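This report goes through one protein model, from overall counts to a local strand arrangement. The sequence and structure come first.

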Amino acid sequence: MSNYRKALVAAAIGALALTPLAACSSNDSSASSDMSAAASSQPAPVAQVDNLTGVSTAVALDPGFTGALTTLGLTPGVVGSATLADGSVSFPITGGNVKYWEPGTVDPYVQGEIMHDGSGLSLAAPGTVVELTDFTIDPGTSLLTGDVSVNGSPAATDAVLFDLNGRTLKPLQTGPNDTAILQGTEVKVSADAAGLLNQTFKTDAVTPGLLVGIATITIATK
């Protein structure tokens, strides 16, 4: 499990003005008592965000990735509310939730999801268009999942599309308009996505672990 994925959201959440968690209620049933006893053995979360809002996850596309697409005759594009400009593709954050514990006290110490419904990335070749959409980032597993369609027909749902690696994560920055910014996560093609793309475009050139680019996650703090 990537420490980066946990550090990515944890650092952001730690800098936000979050609502402290209320104490857990007790239950008199024996099963619930056992669960409560187990829960009491771990520290309570420091804070939580029940409803994430804005702003975006952006990926600065790596020249190696765009060069590979050119070699394969593929043209990148965007779907829905995503944007592509100056070599960076951006997906608006539409919802989700996050709980955060002090690093080292719970594993994973960040749990939840960051959702990007209604947007995505397209890869087009003559006669074939693949759309990767509705991304969800799971900070506990360091995975990005989403849906896949080929020429408008569903091909996969909740597939693991990208692996995330943040060993180059930069320190948290404060952005304008009450935002927190974390930059540096590496976004890489997953084994599942590589296999699907190779099968669809009839090639073996898409390799698992291919660096797509470097991500910047901007989160609204208010």
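The text below covers the chain as a whole and then two hairpins.

The model is predicted: local features need pLDDT of at least 70, side-chain atom pairs count only at pLDDT 80 or more, and totals for chains, interfaces and linings use all residues. Residues are numbered from 1 along each chain as its sequence is written, and side-chain values use heavy atoms, with hydrogens and water left out.

The protein chain has four helices and 13 strands; helices (H or I, at least four residues) and strands (E, at least two) are DSSP runs numbered from the N terminus. Of its 222 residues, 43% are buried, meaning under 20% relative accessible area with a 1.4 Å probe, protein chains only. The exposed area of the chain is about 10900 Å², of which carbon and sulfur atoms supply 53%; accessible areas come from the Shrake-Rupley method with a 1.4 Å probe. Among contacts (heavy atoms within 4.5 Å) between residues at least 6 apart in sequence, 61% join residues at least 24 apart.

Strands β8 (residues 128-138) and β9 (residues 143-150) run antiparallel, and β9 also pairs in the antiparallel sense with β10 (residues 153-165). Two strands pair if DSSP finds at least two bridges between them.

| Pair | Bridges | Citation |
|---|---|---|
| β8 and β9 | seven bridges | |
| β9 and β10 | seven bridges | |

Val 130 has Val 150 in β9 as its bridge partner, while Ser 149 is bridged to Pro 154 in β10. The β8 and β9 hairpin has four residues between its strands, and Ser 142 in the turn has a positive phi of about 60°. In the hairpin of β9 and β10, two residues lie between the strands, and the turn residue Asn 151 has a positive phi of about 50°.

Key. Buried means under 20% relative accessible area, exposed over 50%, partly exposed in between (1.4 Å probe, protein chains only).
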